[in-house]
Protein chains: 2
Amino acid sequence: MSTVAAYAAPAAKAPLERTTIERRPVGAFDVLIEIKYAGVCHSDIHQAREGWGEAIFPMVPGHEIAGIVAEVGSGVTSYDVGDRVGVGCFVDSCRECEYCKQGLEQYCVEGNIQTYNALDKNGQPTYGGYSTHIVVDENYVLRIPDSLPLDVAAPLLCAGITTYSPLKHWNVGPGKNVAILGMGGLGHMAVKIAHGLGAEVTVLSQSLRKKDDGLKLGADHYYATSDPKTFEELAGTFDLILSSVSAPLDFGAYLSLLKTDGTLTNVGAPEEPISLNLFSLIGGRKSLAGSLIGGIAETQEMLDFCARHGIGAEIELIRADQVNEAYERVLSSDVRYRFVIDVATI
Amino acid sequence: MSTVAAYAAPAAKAPLERTTIERRPVGAFDVLIEIKYAGVCHSDIHQAREGWGEAIFPMVPGHEIAGIVAEVGSGVTSYDVGDRVGVGCFVDSCRECEYCKQGLEQYCVEGNIQTYNALDKNGQPTYGGYSTHIVVDENYVLRIPDSLPLDVAAPLLCAGITTYSPLKHWNVGPGKNVAILGMGGLGHMAVKIAHGLGAEVTVLSQSLRKKDDGLKLGADHYYATSDPKTFEELAGTFDLILSSVSAPLDFGAYLSLLKTDGTLTNVGAPEEPISLNLFSLIGGRKSLAGSLIGGIAETQEMLDFCARHGIGAEIELIRADQVNEAYERVLSSDVRYRFVIDVATI
C-alpha cells in the first residue's frame with residue numbers, strides 16, 4: 001500500500017478537495033503509473049453528484065488518464081519504466097465471457113470494473129485519475145504513441161474511444177456522409193476522427209456559435225439545428241449520425257436526415273425516456289442505436305490512429321484547485337473542448 | 001378500358017360490397033392477370049377505414065395477389081399467357097432513384113405507387129386484388145413457382161416478403177438465434193421463413209395459446225411474454241428480434257433479450273410514439289430498427305426460397321361476401337393465420 005495525493009469528493013454533491021488515498025501494492029502483473037494529466041469528463045460530474053444512482057465516497061473521479069510508468073510487477077511483459085501510457089474507463093473485467101474474449105470488454109457480461117466509483121476484485125474501492133499515481137493490471141493499460149503529447153492524449157481515453165468505436169463499427173470512411181450531433185467534448189473528437197477516417201463530415205449544432213472551430217477541426221459543413229431549414233435541406237443525406245447530446249431531441253426529425261439503411265447512434269443520452277414513432281425507422285430501414293466506449297484493443301488502435309493523423313483533444317489545462325469551477329463550466333457548456341487537470345498541481 | 005367485378009369500400013368505414021371498376025387497357029409492357037386469390041392484410045383494414053389518413057374511395061383493397069396471366073402487351077418479354085404470377089404492395093416506382101436502381105423500390109425516393117389507394121402515373125386511382133382482373137407493368141409482376149399452390153402463395157406477396165426481407169438483411173441463418181414477436185399473419189410467416197433459413201427460432205407471444213401451431217410451423221421454443229420469468233430466462237439471448245406487433249410494448253424489456261450487437265427490428269408498429277430509454281441501446285451496442293416490405297428482385301428470391309422449402313401461408317379461404325366478417329375477425333385476432341379471398345366468388 002502506498003499513500004498518494006488526490007482530489008476527491010468526500011460526499012455526494014460536496015466540492016472536490018485535496019486529500020490522500022491508498023493505492024494497492026504493485027502486484028506481479030501490475031503497472032504503477034505516475035499520472036501527468038487527467039481529463040474532466042461530463043460523467044465525472046454525474047457520478048460525483050450521484051446523478052446516476054448511489055455512488056461510493058470518497059470518490060476520486062477521472063478516467064481519462066495519461067502518465068508515465070514508474071514501476072512494473074515481476075510478471076509484466078508489455079511495459080517498462082518510463083513508458084508513456086494511458087488508462088481509460090475500466091481497469092479490469094471478467095476476461096472469460098464471450099465479449100471479453102472478443103476484445104469487447106466494455107460489454108463484459110459480469111460488468112467490467114470501472115476506473116473509479118467501483119469495487120475491484122478484492123472488494124476495494126477504485127479511485128480514478130485525479131491523483132498522482134494509479135496501479136493498474138497491464139492488460140488494461142494503453143500505450144500512448146510518442147508523437148502524441150500526454151495532455152491532449154488524456155481525453156482520447158474516453159472521449160476519443162467513445163466516438164472512434166461507433167465510427168469504425170458503422171464503417172465511416174471515404175464516400176460516407178456522417179453527421180456529428182453536438183460540438184462538445186465528445187462531439188469535437190468525433191469531428192476530428194470522422195475527418196481522419198476520410199468521411200464527409202457535417203456538424204449539427206444548436207447554433208452556429210462554434211462553426212469556425214468545427215470547420216477548423218475537420219468538418220466540411222456546419223448547420224444550426226435551431227433553423228428548421230436545416231431539416232429540409234439535409235433530408236435523406238447521412239449514412240450515419242452520431243449523437244453526443246444528452247438533452248432530449250426530436251428523434252423523428254433527426255432520423256429523417258438519414259438515407260435508407262442509415263443509423264443514428266447515441267453515445268450521449270438523456271436520462272429520461274425519449275419518444276419515438278417507429279414509422280420513422282420502418283420507412284427507410286433505419287436504425288436507432290447506441291454505443292459504449294470501446295474495448296482495450298480498439299482503444300490502442302484508436303491511439304495509434306490518432307498519432308498517425310496528429311489528432312489530440314482541444315483542451316484547456318487547469319490546476320487541480322480549479323476543478324470545482326471547471327465542473328460548473330462544463331455544466332454550462334462553457335469549455336472548448338475538454339478540461340484537463342495538470343496533475344503536478346495536486 | 002375493361003369493366004371488371006370487384007369488392008370495394010364505397011366510403012371510409014363503410015362495409016365492402018360488390019361493384020365494378022375499370023381496368024386500363026393492356027399497354028405494351030403490361031400484363032393482364034386473372035386474379036385467383038387475394039390475401040386479407042391488416043393494412044387493408046387500416047386503409048379502408050382511413051386509419052392511416054385520408055384515402056381514395058371507392059377503394060378496392062388487396063395487395064397479396066395470385067393469379068394467371070390472361071394477356072400480355074406487345075413489348076412484354078418476361079411473361080406469357082398462362083403463367084402463374086403474383087402482385088404485391090406496389091405496382092410501379094420512379095425506376096430512376098438510387099434505391100430503385102438497387103432493387104430497393106420499396107424505398108423509392110419519389111414514393112412507389114401502391115397497388116391500391118394511390119394514383120398511378122396518369123393520375124388514375126389504383127385498385128387492388130379484391131377483383132377478378134388487374135393490369136400491371138411486367139416489371140412489377142412476380143413469378144409464382146409451380147410447386148407453390150396459388151392460394152397459400154398469395155399472402156407471401158406481403159406477409160412473406162415483409163418478414164423475409166429483414167430476416168435476410170440482418171443475416172438470419174444457421175447459428176443465429178432469432179425471436180419472432182407476435183404470432184399473427186406476419187409472425188407465422190416469420191417463423192416459417194426463419195426456420196427455413198436455418199436459424200434457431202423462438203416465438204414470443206402474449207400467451208401460450210398458439211404454442212402447438214408455433215412449434216409445428218418450425219419454432220424451436222415458445223414463450224409467453226405475459227410471464228415475467230420469460231424476460232429473466234431469455235436475457236441476452238437473441239441476435240435478432242423481429243416484431244410484428246402493432247400494440248405498444250415495453251421496448252426496454254425486449255431490448256434486454258438481445259445479445260451485444262443485437263437488433264430489434266419492427267415490421268409492425270403502434271400508431272402512437274413509443275417510449276424508450278436510450279441507455280437500453282448504449283449498453284450492448286444494440287439497435288432498434290424497422291423494415292418495410294421488400295423490393296421486386298428480393299420478392300422473387302423469397303418466392304423461390306419458399307418454393308424450395310415448401311413454405312406457404314397458413315390460410316383460411318373465404319368467399320368474397322365474407323370479407324367484412326373477416327375484417328372483424330382480423331381485428332379480434334381470430335384468424336389462423338391469414339384470410340384469403342377465393343376470387344371466383346366475387
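Let me begin with helix H5 of chain B, residues 185-196: its 12 residues should span 16 Å at 1.5 Å a residue, and its end C-alpha atoms are 17 Å apart, which agrees. The expected span here is 1.5 Å times one less than the number of residues. Helices (H or I, at least four residues) and strands (E, at least two) are DSSP runs, numbered from the N terminus.

Before continuing, a word on conventions. This is a predicted model, in which local features need pLDDT of at least 70 and side-chain atom pairs count only at pLDDT 80 or more, while totals for chains, interfaces and linings use all residues. Residues are numbered from 1 along each chain as its sequence is written, chains are lettered from A and ligands numbered from 1 in the order in which they are written, and side-chain values use heavy atoms, with hydrogens and water left out.

To return to H5(B): 11 of its 12 residues are buried, so the helix is largely enclosed by the rest of the structure. By buried I mean under 20% relative accessible area, by exposed over 50%, and by partly exposed anything in between, with a 1.4 Å probe and protein chains only. The buried set consists of Gly185(B), Leu186(B), Gly187(B), His188(B), Met189(B), Ala190(B), Val191(B), Lys192(B), Ile193(B), Ala194(B) and Gly196(B). Just after the helix, Gly198(B) adopts a positive phi of about 95°.

On the other side of this helix in sequence, Gly182(B) sits in the loop between strand E10 (177-181) and H5 of chain B. Gly182(B) counts as buried, at 12% relative accessibility. Which residues does Gly182(B) touch, leaving aside those up to four places away in sequence? They are Gly187(B), Leu204(B), Ser244(B) and Val245(B), where contact means heavy atoms within 4.5 Å. Gly187(B) is also one of the buried residues of H5(B). By C-alpha positions, Gly182(B) is 31 Å from Val109(B) in space, the two being 73 residues apart in sequence.

I turn now to chain A and a helix pair. Helix H4 (residues 159-169) and helix H10 (residues 296-309) of chain A have axes that come within 10 Å and cross at roughly 95°. That makes H4(A) roughly perpendicular to H10(A). For reference, axes are lines fitted to C-alpha atoms, for helices over the stretch in contact, with angles running from 0 to 180 degrees between N-to-C directions. Angles under 35 degrees count as roughly parallel, over 145 as roughly antiparallel, 65 to 115 as roughly perpendicular and the rest as oblique.

Which residues make this contact? H4(A) contributes Gly160(A), Ile161(A), Tyr164(A), Ser165(A) and Lys168(A), and H10(A) contributes Glu298(A), Thr299(A), Glu301(A), Met302(A) and Phe305(A). By class, the contact comprises 4 nonpolar, 3 polar and 3 charged residues. In this scheme Ala, Val, Leu, Ile, Met, Phe, Trp, Tyr, Cys and Pro are nonpolar, Asp, Glu, Lys and Arg are charged, and the others, Gly among them, are polar.

H10(A) itself has 14 residues and reaches 20 Å from its first C-alpha to its last, close to the 20 Å expected. Its buried residues include Glu298(A), Thr299(A), Met302(A) and Phe305(A). What do the buried residues of H10(A) pack against? Their partners are strand E6 (90-92), strand E9 (142-143), H4 and helix H5 (185-196) of chain A. After H10(A) comes Gly310(A), with a positive phi near 65°.

Strand E6 leads to the next residue, Ser93(A), in the loop between E6 and helix H2 (98-101) of chain A. Ser93(A) is buried, with a relative accessible area of 1%. Beyond four places in sequence, Ser93(A) touches Cys100(A), Glu105(A), Cys108(A), Asn112(A), Lys121(A) and Tyr140(A).

Some backbone details deserve mention. Phe57(A) and Pro58(A) are joined by a cis peptide bond, with omega about 0°; Pro58(A) lies in the loop between helix H1 (42-48) and strand E4 (65-72) of chain A. In chain B, the bond from Arg336(B) to Tyr337(B) is cis, with omega near -5°. Asn171(A), a residue other than glycine, has a positive phi near 60° and is exposed, with a relative accessible area of 54%.

Finally, how are the chains related? A turn of 180° and a shift of 0.0 Å along the axis lay chain B on chain A with an RMSD of 0.0 Å. That is the relation of a two-fold axis, the copies being superposed by least squares on the C-alpha atoms of residues with pLDDT of at least 70 in both. Of the interface residues of chain B, 100% are also interface residues in chain A, so the copies meet through the same surface.
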